[in-house]
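Work through the exercises below with the model open beside you. Try each task before reading its solution.

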Amino acid sequence: MPLPRRTFLTGLAGTAGVAAVACSGTTADGVPRDGTTADGTPAPRRDAAADAARRLLPRHWDQLTFRTIPRTGQRDAFRVTGRTGRITVAGTGPATQLAGLRHYLKHTAHANITWAGSQTDLPDRLPAPATVLTGEAGVAHRFVLNDTNDGYTGAYHDWRYWEREIDVLALHGYNEVLVYVGADAVYHRAFQEFGYTDEELRAWIPGPAHQPWWLLQNMAAFPHPVSRQLLDARARLGRRVCDRLRELGMTPVLPGYYGTVPPRFTDKNPGARTVPQGDWVGFARPDWLDPRTGHFARAAAAFYRAQDDLLGPSTMYKMDLLHEGGKPGDVPVGEAARGVEKALRTAHPGATWVILGWQHNPPKALTDAVDKQRMLVVDGLSDRFPDITDRESDWGSTPYTFGSIWNFGGHTVLGANTPDWAALYEKWRTKDGSTLRGISLMPEAADNNPAAFELFSELAWRTGESDLTNWFSEWSHARYGAPDRHAMAAWDILRRTAYGTTRADEWAEGADGLFGARPDLAAASAAAWSPKKLRYDPADFEPALGELLAVRRDLRDSSAYRRDLLDVARQALSNRSRVLLPRIKEAYDAGDTAHFDRLTRDWLDLMALLDRLVATDSRHLLGRWVADARAWGADPQERDRLAYDQLSLLTTWGPRPGANAGLHDYANREWADLVGGLYRLRWTRYFKELRSALTEGREPREIDWFELEDAWTRDPGPLRTHPTGDVHRLATQVRATLSAP
């Protein structure tokens with residue numbers, strides 16, 4: 001039986017204060033609310049769009065007026081009118097008003113704000129729209145962020161990051177945002193009712209960078225116990241994120257409870273029934289509490305009480321029952337689903353169960369057992385496999401979204417299957433009997449591929465066929481602020497190459513580069529589960545770099561231009577690794593030491609150039625990533641632990657069994673001091689061993705890569721935290737290097 005409710009160790013003064021203000025009619029920032037909705041969740045704040053505009057356009061916000069208009073049926077809509085210097089944006093809520101603002105900025109002011117570079121070189125007085133601008137969402141659900149986002153995008157972001165990210169998501173029309181930050185504090189509080197001590201629970205909860213996979217019931221207890229101060233701080237941030245979303249009329253999609261329990265739950269709660277879940281890529285999975293039982297109902301009730309207190313209520317809860325190999329044992333899946341659903345309805349009667357469409361989930365046994373109209377499947381495979389053609393049949397007419405996961409592990413790969421978006425989304429939405437009710441943007445890491453981000457976001461607001469040639473032309477105009485033939489040419493090349501791939505080859509992401517692979521002359525990818533070859537001809541891609549370099553000087557000052565130039569130059573260098581490595585292998589196999597020496601020097605020179613190139617951008621600095629984690633620590637020991645949690649995700653991912661089972665380099669990326677640090681260290685060591693083997697006429701000795709990687713992860717040496725160098729100069733050097741005979 002659960003223990004009586006008592007005072008909990010999670011949620012001391014800071015967190016308790018957050019809960020208190022929620023009941024007083026204010027946000028965590030002390031801003032008065034405008035009341036509550038019919039389902040009891042806080043209503044949007046009337047001036048929330050104006051506040052966001054002030055943050056996004058600090059020189060022009062006072063030329064904007066935002067007004068609320070009634071919703072027609074279930075559809076969000078906006079309308080933009082005005083004269084020079086006085087623009088009025090009307091919309092059905094604050095976030096929709098911001099979507100209208102973005103439409104105006106793109107089509108009238110030719111400005112661009114994304115999560116990866118922006119251009120807001122606006123005249124002193126905002127231009128008037130030539131005609132009334134209108135837009136209507138064709139679908140109710142515009143869902144964003146992957147379960148893995150808090151790991152691969154960064155587990156240690158602060159409020160400044162989240163405030164900007166939320167503003168940008170609202171600007172792009174999203175109204176449902178997955179929020180994992182603070183879930184650790186919820187579990188910590190809830191399971192103190194079931195016989196667990198503070199110390200036991202903090203040892204079970206993984207570090208923040210690894211928590212997404214714990215919340216997916218894949219693993220636990222790695223790499224170190226979390227501290228109480230860290231739990232409290234994350235609860236406060238989670239509450240602040242949720243409150244801001246509510247102010248803007250957006251829904252925080254929170255983790256629901258579907259049965260994950262700490263070790264020895266049955267020992268502490270006699271009569272409880274759990275199902276062992278086995279292993280996941282070298283990690284022991286947490287046990288699963290049988291959802292048919294009273295113990296499950298009580299655990300779920302405690303979870304939702306703690307969650308409401310710490311983060312506030314929602315109307316959408318994400319739960320992936322039996323994710324990636326979960327085992328039902330002798331529990332019928334349909335009965336388990338009904339138990340999970342009943343617990344959710346008891347706590348939140350009108351809530352929607354959100355579940356990921358991934359691999360074989362959700363099975364029809366699950367969707368057939370629940371109220372389908374209160375379930376939403378966010379499909380992660382819409383643009384992945386060509387045999388996916390009828391989701392209504394797959395999921396028994398359960399409402400679903402058209403989704404994309406163009407990025408795995410946070411790889412710095414440019415591209416997406418945009419022809420599939422243009423061909424499939426509207427076709428699936430408008431077909432007879434369609435239950436497509438939204439879009440779901442779910443790259444495993446955010447803040448990349450800005451063109452794909454904007455194009456996919458617009459699907460929900462478009463009708464009819466999409467003309468990609470015209471879209472990329474318009475994109476280049478708004479992205480840099482004015483028409484430029486070189487910019488248009490560059491983006492047309494990118495449209496036909498990196499953004500011209502399709503699901504015909506059963507991939508949704510581009511191939512990662514080989515500089516980040518564990519050294520092997522036969523390496524075909526850095527991550528075990530990534531494409532083994534480029535999905536377009538690199539010779540067709542490289543001219544885009546020359547075109548971007550030729551964009552006229554007065555359009556080069558924005559972060560948008562600098563980011564795009566870096567992305568294209570980096571991708572061109574990365575692609576060259578796939579051309580050069582087979583040549584190195586040929587030289588080695590032929591025993592041609594002179595050729596081998598020259599080619600391996602070329603390889604290491606390209607890595608050095610790549611490291612200098614990406615060091616020009618703060619978001620490509622490994623040192624920033626590690627410093628973000630350290631900033632959350634209360635003392636030197638905790639700072640070191642958090643740095644290891646964050647950095648290990650990019651290198652070994654976990655301990656030796658998981659790393660060597662395929663997790664190593666899953667989250668590889670071409671960042672400064674990662675390319676020039678671990679990656680260069682590995683290839684230098686490897687080439688040296690191969691060269692010695694050639695000289696001595698023997699087979700090369702095996703290298704314990706995990707030992708090397710783990711040692712480097714624990715002590716990577718000095719890491720840069722501030723960008724250096726000029727991206728245009730270095731991109732010019734990249735072009736010259738790649739053009740050399």
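**Exercise 1. Aromatic pairs**

Task: Find how many aromatic pairs this predicted model holds, then classify the pair of Tyr-588 and Phe-596.

Solution.
- Start with the total: the structure holds 54 aromatic pairs.
- Recall the two descriptors: a ring pair is described by the distance of the centres and the angle of the planes.
- Take the distance. The ring centres of Tyr-588 and Phe-596 lie 6.1 Å apart, and the cut-off for a pair is 6.5 Å.
- Take the angle. The planes of Tyr-588 and Phe-596 stand at 50°. Stacked needs under 30 degrees, and edge-to-face needs over 60.
- Conclude: with its planes at 50°, the pair of Tyr-588 and Phe-596 is therefore tilted.
- Add the surroundings: both Tyr-588 and Phe-596 are buried.

**Exercise 2. A cluster and one member**

Task: List the aromatic cluster that contains Phe-194, then place Phe-194 in the chain.

Solution.
- Collect the members. One aromatic cluster is formed by Tyr-187, Phe-191, Phe-194, Tyr-196, Trp-204, Trp-214, Tyr-257, Phe-265, Phe-296, Phe-303, Tyr-304 and Tyr-317.
- Locate Phe-194: this residue is in the loop between α6 (183–190) and α7 (198–204).
- Check exposure. Phe-194 has a relative accessible area of 1%, so this residue is buried.
- Compare sequence and space. Phe-194 and Arg-125 are 69 residues apart along the chain, and their C-alpha atoms are separated by 61 Å.

**Exercise 3. Charges over rings**

Task: For Arg-669 and Arg-714, name the ring beneath each charge and give the distance.

Solution.
- Arg-669 puts its charged end over the ring of Trp-671, 4.8 Å from the centre.
- Arg-714 lies over the face of Tyr-644, with 4.2 Å to the ring centre.

**Exercise 4. Two helices**

Task: Describe how α21 and α26 pack.

Solution.
- Set the geometry. The axes of α21 (residues 559–590) and α26 (residues 674–696) come within 11 Å and cross at roughly 20°.
- Classify: angles under 35 degrees count as roughly parallel, so α21 is roughly parallel to α26.
- List the contact. Helix α21 gives Leu-581, Ile-584 and Tyr-588, while α26 gives Trp-683, Phe-687, Leu-690, Ala-693 and Leu-694.
- Sort by character: eight of these contact residues are nonpolar, none polar and none charged.

**Exercise 5. A strand residue**

Task: Is Val-378 buried or exposed, and which residues does Val-378 touch?

Solution.
- Val-378 belongs to strand β17 (residues 375–379).
- Its relative accessible area is 0%, so Val-378 is buried.
- Leaving out residues up to four places away in sequence, Val-378 touches Phe-143, Lys-318, Val-354, Ile-355, Leu-356, Gly-357, Thr-401, Ser-440 and Met-442.

Notes. Residues numbered from 1 in each chain as written. Predicted model: local features only at pLDDT ≥ 70, side-chain atom pairs only at ≥ 80, totals over all residues. Heavy atoms only, no water. Phe/Tyr/Trp six-rings, centres within 6.5 Å; stacked < 30°, edge-to-face > 60°. Buried < 20%, exposed > 50% of the residue type's maximum accessible area, 1.4 Å probe, protein only. Lys NZ or Arg CZ within 6 Å of the ring centre and 35° of its normal. Axes fitted to C-alpha atoms, helices over the stretch in contact; angles between N-to-C directions. Helix = DSSP H or I, 4+ residues; strand = E, 2+ residues; numbered from the N terminus. Parallel < 35°, antiparallel > 145°, perpendicular 65-115°, else oblique. Contact = heavy atoms within 4.5 Å. Nonpolar A, V, L, I, M, F, W, Y, C, P; charged D, E, K, R; others polar.
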